[in-house]
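Trainee: I would like to learn how to read a sheet and a helix pair. Can we work through an example together?

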Amino acid sequence: MDGTTDILIIGGGMAGLSAATALAATGQRIIVLDKGRGPGGRMAARRVEIAGQQVSFDHGAQYFTARDPAFRAAVAAWEAAGVAARWPAAGAEAWVGTPGMNACVKHMAAGLDVRWNMRAERLLRDGALWRVEMGEEVFTAATVLVAVPAEQAAVLLAEAAPDFAARAAAVASAPCWAVMAGFAAPLPLADTFRSDTGPISWAARNSAKPGRSGAETWVIHASPARSRELVDAPKDEAARILLADFFSANGATPATPVHLDAHRWLYAQPEARKGEGPLFDPDLRIGIAGDWLHSPRVEGAWLSGRAVAQALLQERLASTS
Ligand SMILES: Cc1cc2nc3c(=O)[nH]c(=O)nc-3n(C[C@H](O)[C@H](O)[C@H](O)COP(=O)(O)OP(=O)(O)OC[C@H]3O[C@@H](n4cnc5c(N)ncnc54)[C@H](O)[C@@H]3O)c2cc1C
């Protein structure tokens, strides 16, 4: 399948879809390419069956806050659409996607031309156009935006836009092991657990988030330090070790899970940001977006996507006036 369009966006997470949403009103043709099987990016949700019941784990971002007025307005629209709800257990300002954390991204993608299972392998110039290669498949566009985690952006941009690639290469992201555990009975614990010092930085009763139902489920995140120690561990081993860490951190009697799995996020959250400097190069017609350009959060990703879209729109306005 080949495709030519006006704007290609590589990465359909919160940042890429925020940019696509902001640009959609211009009437330009926009195609978003994402290597994932479905919407979410790091706002992921995984469905599994436990004791004959379908349940969903939010194994990436746990909740988000909304402080910027424009982001607050977007969140209000998601709430009205039934894809976001407040989650007071995580704080007065905490929101989650409903029924899963990926619901907001899914909602945004529904109104856009997003192609899943599309991993951009190479990005290069083809005359006046950008060419994105994915094996046999090629997409071309006058303008391209790259909205992927910093480490992946550094690779993709190396030939295409060395200055942007250098900014991305200067950012290191912390890894995070996420454990997904299901239990036959509720654990006698509060719905959330946080620690800035121990091996477990966060844990939450996933099944207690708004809009969730079914078995007792928990998501447990290892701290960056513990995740680095276990970074090469097989996932079953990491899951067992971190579940033991969790019970020990809580001082709770260990319970045997009826479901236990783990996911390793190699680039969970950027530890430094490289927001300074332009997000869009009007000569090359290439832009960058992602949480690593703003702040390591859902809101930061949304704002960075909106910022690159605004830079592109301003340049368009300037070139036509
Ligand atoms: C474990 C964990 C916990 C977190 N907790 C919180 C939290 O509590 N609160 C909070 O606000 N934030 C949290 N975050 C951070 C938040 O999830 C991110 O800041 C935000 O989702 C980043 O959005 P993004 O669009 O920049 O990147 P992503 O969501 O990573 O989106 C990038 C997209 O690009 C795609 N992609 C990558 N490479 C390619 C390629 N070559 N071709 C095509 N597609 C590609 C990916 O599939 C992905 O969908 C957490 C993240 C993790 C992993």
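**Reading the sheet and the helices**

Mentor: Start with the sheet in this predicted model. Five strands make up an open sheet, in the order E12-E13-E14-E11-E15. Their pairing is antiparallel.

Trainee: What do strands of a sheet pair through?

Mentor: Strands pair through backbone hydrogen bonds, and the pairing is either parallel or antiparallel.

Trainee: Which strands are the edge strands?

Mentor: Strand E12 (192-194) and strand E15 (259-270). Each of them pairs on one side only. From one strand to the next, the twist averages 15°.

Trainee: How many bridges join E12 to strand E13?

Mentor: Three, and E13 covers residues 200-205. The two strands run antiparallel. Look at Arg 194: its bridge partner in E13 is Trp 202.

Trainee: Which helix packs on the sheet?

Mentor: Helix H7, residues 235-250. H7 touches strand E11 (173-183), E12, E13, strand E14 (216-222) and E15. The direction of H7 makes about 90° with that of E15.

Trainee: Now the helix pair. How are two packed helices described?

Mentor: By the angle between their axes and the distance between the axes. Take helix H1 (residues 14-24) and helix H3 (residues 103-110). Their axes come within 10 Å and cross at roughly 35°.

Trainee: Is the crossing of H1 and H3 left-handed or right-handed?

Mentor: H1 passes H3 in a left-handed crossing.

Trainee: Which residues meet there?

Mentor: From H1, Met 14, Leu 17 and Thr 21. From H3, Val 105, Met 108 and Ala 109. By class, this contact of H1 with H3 has five nonpolar residues, one polar and no charged ones.

Definitions and conventions: Residues are numbered from 1 along each chain as its sequence is written. This is a predicted model: local features need pLDDT of at least 70, side-chain atom pairs count only at pLDDT 80 or more; totals for chains, interfaces and linings use all residues. Axes are lines fitted to C-alpha atoms, for helices over the stretch in contact, and angles run from 0 to 180 degrees between N-to-C directions. Helices (H or I, at least four residues) and strands (E, at least two) are DSSP runs, numbered from the N terminus. A crossing is left-handed if the near helix is turned anticlockwise from the far one by less than a right angle, and right-handed if clockwise. Two residues are in contact if their C-beta atoms, placed from the backbone, lie within 7 Å. Ala, Val, Leu, Ile, Met, Phe, Trp, Tyr, Cys and Pro count as nonpolar, Asp, Glu, Lys and Arg as charged, and the others, Gly among them, as polar. Two strands pair if DSSP finds at least two bridges between them.
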